[in-house]
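Open the model in your viewer and keep the selection tool handy. We will go from stop to stop, picking residues and looking at what surrounds them.

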Amino acid sequence: MKKIEAIVKPFKLEDVKESLSELGISGMTISEVKGYGRQQGHTELYRGAEYVVDFLPKIKIELVVNDELEDKVVEAIIKSAKTGKIGDGKIFVSNIEKAIRIRTEEMNDEAI
């Protein structure tokens with residue numbers, strides 16, 4: 001099993017969700033996060049004063065999939081989240097040793 005974490009621009013969430021639904025992905029966790037990478041934030045003007053916005057709003061998508069789906073899921077996220085501009089985000093893939101569904105106590109592949 002693989003845990004896939006994707007950090008994407010907020011307006012791309014629905015596109016990513018639709019792409020994952022087409023692959024049969026039925027569950028994911030979404031968090032509103034803030035951060036920055038190479039773009040180092042930006043400056044804004046508010047009531048005549050300029051200030052720096054260091055942390056930009058992003059969406060973090062977390063899901064656990066079978067090993068066979070890893071490449072398809074990563075590809076779907078890239079295709080649906082990519083704008084070609086700086087700040088498109090990142091995808092992280094890591095191994096999951098064990099997954100347990102609390103309600104039924106199913107384990108591993110049956111739990112996801």
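Before selecting anything, one cut-off is worth having in mind: a residue is buried under 20% relative accessible area, exposed over 50%, and partly exposed in between. Also remember that this is a predicted model.

**Stop 1: a pair in helix H2**

Select Glu75 and Lys79 and show their side chains. Both belong to helix H2, where they sit four residues apart, about one turn of the helix. In an α-helix there are 3.6 residues a turn, so residues three or four places apart point the same way. Here the two side chains meet in a salt bridge, with N to O at 3.3 Å. Now colour by accessibility. Glu75 is partly exposed, because its relative accessibility of 45% falls between the two limits. Lys79, at 63%, counts as exposed.

**Stop 2: Lys9 and its partner**

How many salt bridges does a search of the whole structure find? The count is six, and the next one to select is Lys9 with Asp88, whose closest N and O atoms are 3.7 Å apart. This pair links distant parts of the chain: Lys9 is in the loop between E1 and H1, Asp88 is in the loop between H2 and E6, and 79 residues separate them.

Is Lys9 buried or exposed? Its relative accessible area is 15%, so Lys9 is buried. Asp88 counts as buried too, at 16% relative accessibility. Expand the selection around Lys9, skipping residues up to four places away in sequence, and you will find that Lys9 touches Lys58, Thr83, Lys85, Ile86, Gly87 and Asp88.

**Stop 3: Lys12 and Asp15**

Move along the chain to Lys12. Its side chain and that of Asp15 form another salt bridge, at 3.5 Å from N to O. Lys12 has a relative accessible area of 13% and is therefore buried, while Asp15 is partly exposed at 33%.

**Stop 4: the buried side of helix H1**

Select helix H1, residues 13–22, and pick out its buried members: Leu13, Val16, Ser19 and Leu20. They cover an arc of only 130° around the axis, so they lie on the same side of H1. Looking down the axis is a good way to view this. What covers these buried residues? The cover includes strand E2 (29–35), E5 and H2.

Just after H1, select Gly24 and check its backbone: phi is positive, at about 90°.

**Stop 5: Leu69 and Ile25**

Next, pick Leu69, which is in the loop between strand E5 (56–65) and helix H2 (70–81). With a relative accessibility of 24%, Leu69 counts as partly exposed. Add Ile25 and draw a distance between the C-alpha atoms: the two residues are 44 apart in sequence and 9.5 Å apart in space.

**Stop 6: Lys2, a buried lysine without a salt bridge**

Go back towards the start of the chain and select Lys2, in strand E1 (residues 2–8). Side chains of opposite charge can pair when their charged atoms come close. Which side chain of opposite charge is nearest to Lys2? That is Glu70, 4.3 Å away. A salt bridge calls for a side-chain nitrogen within 4 Å of a carboxyl oxygen, and the buried Lys2 has none.

Lys2 does have a polar partner: its side chain makes a polar contact with the side chain of Asn95 at 2.4 Å. Show what else surrounds Lys2, leaving aside neighbours within four places in sequence, and the contacts are Leu63, Val64, Val65, Asp67, Glu70, Val93, Ser94, Asn95 and Ile96.

**Stop 7: two positive phi values**

For the last stop, follow the chain into the segment after strand E6 (89–95), where Glu105 is placed. Most residues other than glycine have a negative phi. Glu105, however, has a positive phi near 65°. Its relative accessible area is 64%, so Glu105 is exposed.

Then select Asn108, found in the segment after E6. Its phi is positive as well, near 55°. At 29% relative accessibility, Asn108 counts as partly exposed.

Definitions and conventions
Residues are numbered from 1 along each chain as its sequence is written. This is a predicted model: local features need pLDDT of at least 70, side-chain atom pairs count only at pLDDT 80 or more; totals for chains, interfaces and linings use all residues. Side-chain values use heavy atoms; hydrogens and water are left out. Buried means under 20% relative accessible area, exposed over 50%, partly exposed in between (1.4 Å probe, protein chains only). Lys and Arg count as positive and Asp and Glu as negative; His and the chain ends are not counted. A polar contact is a pair of N or O atoms within 3.5 Å; within protein, one must be able to donate a hydrogen and the other to accept it, and residues adjacent in sequence count only if both atoms are side-chain atoms. Contact means heavy atoms within 4.5 Å. The arc is that of the directions from the helix axis to the C-beta atoms.
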